[in-house]
Amino acid sequence: MRYRQALNSSKGTVLAENVRVASGLWSRFWGLMLRKELPAGQALLLAPCSSVHCFFMRFPIDVVFLDGDRRVTKIAPAMKPWRMAMGGGGKQALELPAGEAAKARLEVGDQVSIVEGAGGD
């Protein structure tokens, strides 16, 4: 099975070991709604995406908005359920477990890479 890994290329840190991509209308709409958690090491990349909502979610997440070159345009840390965030010119959104963006020292302007590999779950 194939997986994608998200890296903060600017700092050489790992954002997520297993990234699921939601690029279709319904996969982007459903996103993480109704899930019990987003386990450590996992992330969801919404593409295209310029804003997100956390309606019907049960846990906080970090939302990292990326431009067309996958440079960070905005970070919404520990976004709680029932909140919304606009992307500040972002074209994609990477949703991470709360606290992961800070752990990876992610900042506006950093370059994020999505690397494909073999393995994963």
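Q: Which residues does Glu95 touch in this predicted model, leaving aside residues up to four places away in sequence?
A: Glu95 touches Leu32, Leu38, Gln42, Ala43, Leu44, Leu46, Val52, Ile61, Asp62 and Val63. Glu95 itself is in strand 9 (residues 92-97).

Q: How do you know that Glu95 has no salt bridge?
A: The nearest side chain of opposite charge, Arg20, is 7.2 Å away. A salt bridge needs a side-chain nitrogen of Lys or Arg within 4 Å of a carboxyl oxygen of Asp or Glu, so a side chain at 7.2 Å does not qualify. Glu95 is nevertheless buried.

Q: What makes Glu116 and Arg4 a salt bridge?
A: Their side chains meet at 3.7 Å, N to O. The cut-off is 4 Å, so the pair counts. Glu116 is in strand 10 (residues 112-118) and Arg4 is in strand 1 (residues 2-8), 112 residues apart, and the pair links these distant parts of the chain.

Q: Why are Glu116 and Arg4 called partly exposed?
A: Partly exposed covers what lies between buried, under 20%, and exposed, over 50%. Glu116 has a relative accessible area of 44% and Arg4 has 29%, so both fall in between.

Q: Why is the contact of Glu107 with Lys11 called a salt bridge?
A: The closest N and O atoms are 3.0 Å apart. That is within 4 Å, so the rule is met.

Q: What parts of the chain does the pair of Glu107 and Lys11 tie together?
A: Glu107 lies in the loop between helix 2 (100-103) and strand 10, and Lys11 in the loop between strand 1 and strand 2 (13-16). These parts are 96 residues apart in sequence. Glu107, at 47% relative accessible area, is partly exposed, and so is Lys11, at 24%.

Q: Where do Lys103 and Glu100 lie, and what makes them a salt bridge?
A: Both lie in helix 2, three residues apart, about one turn of the helix. Their side chains meet at 3.0 Å, N to O, which is within the 4 Å limit.

Q: Why is Lys103 called exposed and Glu100 buried?
A: Lys103 has 62% relative accessibility, and over 50% means exposed. Glu100 has 13%, and under 20% means buried.

Q: Which residues are joined into one network by salt bridges that share partners?
A: The network consists of Lys11, Glu107 and Asp110.

Q: How many salt bridges does the rule give?
A: The count comes to four.

Terms used
Residues are numbered from 1 along each chain as its sequence is written. This is a predicted model: local features need pLDDT of at least 70, side-chain atom pairs count only at pLDDT 80 or more; totals for chains, interfaces and linings use all residues. Side-chain values use heavy atoms; hydrogens and water are left out. Helices (H or I, at least four residues) and strands (E, at least two) are DSSP runs, numbered from the N terminus. Buried means under 20% relative accessible area, exposed over 50%, partly exposed in between (1.4 Å probe, protein chains only). Lys and Arg count as positive and Asp and Glu as negative; His and the chain ends are not counted. Contact means heavy atoms within 4.5 Å.
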